[in-house]
Amino acid sequence: MPTDVEYMRRALALAQRAYDENEVPIGALAVLAGAPVGEGWNRPIASHDPTAHAEIVALRAAAARLKNYRLGNATLYVTLEPCAMCVGAAIQARVARIVFGAWDQKAGACGSVFDLTREPRLTHRVDVFGGVCAEECSVLLRRFFDARR
């Protein structure tokens, strides 16, 4: 069975697709029982959709594939710490784990700015593991933003 690092490398390949499309390079992969069930990369510009973050795209694809909006026992791999919207979607989907690469000091909702995954008033808890392939994830983001400056 692939490891968190191997799944994160797949998410990085998806982030590269976003980069190639001039979108902020973030990739996400939903995995259930050791098999990828949904993938996504940032597409808000191309799709004219502010909710088209990589995580949302991956969760939608997984739910459609499984024909179930609940993704219990799934792991969501994402190259950047998810924002509040994306953590909220993962909680609503009942995702079991979020594994992310780079920390997001501006909008992260898994511990950097907010920690919605440990909010006691919410009905579902998500286990979070940050920093997986953090340097590789950060380099891709820096390269993207450096080229835009």
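**Exercise 1. Determine the strand order of the open sheet and identify which strands stand at its edges.**

Solution. The predicted model contains an open sheet of 5 strands, whose pairing is mixed and whose order is β2-β1-β3-β4-β5; strands are DSSP runs of E with at least two residues, helices are runs of H or I with at least four, both numbered from the N terminus, and two strands pair if DSSP finds at least two bridges between them. The edges are taken by β2 (35–41) and β5 (127–129), each of which has a single partner strand, so one side of each is left without a neighbour in the sheet. From one strand to the next the twist averages 15 degrees, where axes are lines fitted to C-alpha atoms and angles run from 0 to 180 degrees between N-to-C directions.

Residues are numbered from 1 along each chain as its sequence is written. Because the model is predicted, local features need pLDDT of at least 70 and side-chain atom pairs count only at pLDDT 80 or more, while totals for chains, interfaces and linings use all residues, and side-chain values use heavy atoms, with hydrogens and water left out.

**Exercise 2. Describe how β1 is joined to β2 and to β3.**

Solution. Begin with β2: 6 bridges join β1 to β2, and the two strands run antiparallel, with Val31 standing opposite Pro36 in β2. The connection between β1 and β2 is a hairpin with 2 residues between the strands, and Ala33 in the turn has a positive phi of about 55 degrees. Turn next to β3: strand β1 (residues 27–32) is joined to strand β3 (residues 75–80) by 4 bridges, again in an antiparallel arrangement, and here Ala30 stands opposite Leu76 in β3.

**Exercise 3. Locate the salt bridges that tie helix α1 to strands β4 and β2.**

Solution. A search of the whole structure finds 8 salt bridges, each being a side-chain nitrogen of Lys or Arg within 4 Å of a carboxyl oxygen of Asp or Glu. One of them pairs the side chains of Asp4 and Arg97 at 2.9 Å, N to O; this pair links distant parts of the chain, since Asp4 lies in helix α1 (residues 4–20) and Arg97 in strand β4 (residues 97–102), 93 residues apart. Another joins the side chains of Arg10 and Glu39 at 2.7 Å, N to O, with Arg10 in helix α1 and Glu39 in strand β2, 29 residues apart.

The accessibility of these residues completes the step, with buried meaning under 20% relative accessible area, exposed over 50% and partly exposed in between (1.4 Å probe, protein chains only). Asp4 is partly exposed at 25%, Arg10 is partly exposed at 35%, and Glu39 is partly exposed at 30%.

**Exercise 4. Establish how the size of the protein relates to the globule rule.**

Solution. First count the elements: the protein has 5 helices and 5 strands, which run α-β-β-α-α-β-α-β-β-α from the N terminus on. The radius of gyration is 14 Å, close to the 15 Å that the globule rule gives for 149 residues, so the protein is as compact as a globular protein of that length; the radius is taken over C-alpha atoms, and the rule is 2.2 Å times the number of residues to the power 0.38. Along its principal axes the C-alpha trace spans about 40 × 35 × 30 Å, and 44% of the 149 residues count as buried.
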